[in-house]
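Colleague: Thanks for sitting down with me over this one. Could you walk me through the fold, one question at a time?

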Amino acid sequence: MTDDERGLDHLMEQNEAELSFLSAYGGVDGNREVDGSSILSALKRFLQAGGLACEGNDTAITFACGEASVSSEGCEFIFSGKNLPLVQSDVIASGFDKGVLASDRSHVRVFICDWSGEQRRFVERLVEHHLHG
């Protein structure tokens with residue numbers, strides 16, 4: 001490996017976190033393995049902190065307005081309610097996969113593939129709507 005190649009590898013490692021925004025354009029995370037268990041665990045803690053009681057184990061949980069489970073594609077998240085405060089673009093954003101929002105906005109099903117600020121805001125919006133909507 002030449003000094004230039006090592007320099008480029010070092011630069012890419014150093015700036016990996018700062019380049020994550022590129023995933024919105026179809027790259028960077030494409031080959032990354034998704035840890036559905038970790039996402040489910042974080043989701044469960046987030047839901048409970050937001051005021052929703054959760055039941056279940058390390059592979060699946062249920063709560064008043066939905067359920068979530070570990071999948072090879074991430075964490076499958078299903079949420080039901082009246083007039084959910086979502087649009088289709090919310091479930092196709094970076095960090096989500098195979099999102100489907102019912103045409104009457106009564107439920108959403110999406111695979112959460114990352115646990116970043118975007119996913120937390122998404123879940124927070126739904127919890128707020130359920131508790132105070």
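Modeller: Happy to, and let's start in the sheet: β3 and β4 pair in the antiparallel sense over six bridges. Please keep in mind throughout that this is a predicted model.

Colleague: Good starting point. Which residue is the bridge partner of S69 in β4?

Modeller: S69 has a bridge partner on the β2 side as well, since in β3 the residue paired with A60 is S69. Looking across to β4 instead, the bridge partner of S69 is E76.

Colleague: Then let's stay with that glutamate. Which side chain does the side chain of E76 join in a polar contact?

Modeller: E76 sits in strand β4 and counts as buried because its relative accessible area is 17%, below the 20% limit. Leaving aside neighbours within four places in sequence, E76 is in contact with E67, A68, S69, R109, V110 and F111. The polar contact between side chains is 2.6 Å, and the partner of E76 in it is R109.

Colleague: Now the whole sheet, please. What is the order of the six strands?

Modeller: Begin at the edges: β1 and β5 each pair on one side only. Neighbouring strands are turned by 15° against each other on average, ignoring direction. The sheet is open, its pairing is antiparallel, and its order is β1-β2-β3-β4-β6-β5.

Colleague: And the hairpins at the β1 end? How many residues lie between β2 and β3?

Modeller: β1 (residues 54-56) and β2 are antiparallel and joined by three bridges, and their hairpin has three residues between the strands. β2 and β3 (residues 66-71) are also antiparallel, with four bridges. In the hairpin that β2 and β3 form, the number of residues between them is two.

Colleague: Which side chains of β2 point to one face and are buried?

Modeller: The side chains alternate along β2, residues 60-63. A60 and T62 point to one side and are not buried. The buried ones, on the opposite face, are I61 and F63.

Colleague: What about the helices? At about what angle does α2 run to β3?

Modeller: Two helices deserve a look here. Helix α3 (residues 117-132) packs on the sheet, touching β4, β5 and β6, and its direction makes about 25° with that of β4. Helix α2 (residues 36-49) lies across β1, β2, β3, β4 and β6, and its angle to β3 is about 155°.

Colleague: Which element gives the largest share of the largest nonpolar core?

Modeller: That core has 28 residues, and L47, F63, F77, V108, I112, F122 and V123 have the most contacts inside it. At least two residues each come from α2, β2, β4, β5, β6 and α3. L47, for one, touches L52, C54, I61, F63, V123 and V127, not counting residues up to four places away in sequence. The largest share, five residues, is supplied by α2.

Colleague: I also noticed Q119. Is it buried or exposed?

Modeller: Q119 lies in helix α3 and touches S94, G95, F96, I112 and D114, again not counting residues up to four places away in sequence. Its relative accessible area is 0%, so Q119 is buried.

Colleague: How far is the sulfur of C65 from that of C54?

Modeller: C54 stands opposite F63 in β2 and is buried at 13% relative accessibility. C65 is buried too, with a relative accessible area of 6%. A disulfide needs two cysteine sulfur atoms within 2.5 Å, and the structure holds zero disulfides. From C54, the nearest cysteine sulfur is that of C65, at a distance of 8.9 Å.

Colleague: One last check on the backbone. What is the phi of N83, about?

Modeller: Most residues other than glycine have a negative phi. K98, in strand β5, has a positive phi near 50° and is partly exposed, with a relative accessible area of 47%. N83 lies in the loop between β4 (74-80) and β5 (96-101); N83 is not a glycine, yet its phi is positive, at about 45°.

How values were computed:
Residues numbered from 1 in each chain as written. Predicted model: local features only at pLDDT ≥ 70, side-chain atom pairs only at ≥ 80, totals over all residues. Heavy atoms only, no water. Buried < 20%, exposed > 50% of the residue type's maximum accessible area, 1.4 Å probe, protein only. Pairing = 2+ DSSP bridges. Axes fitted to C-alpha atoms, helices over the stretch in contact; angles between N-to-C directions. Contact = heavy atoms within 4.5 Å. Core = buried A, V, L, I, M, F, W, Y, C linked by side-chain atoms within 4.5 Å. Polar contact = N/O pair within 3.5 Å; in protein donor to acceptor, adjacent residues only side chain to side chain.
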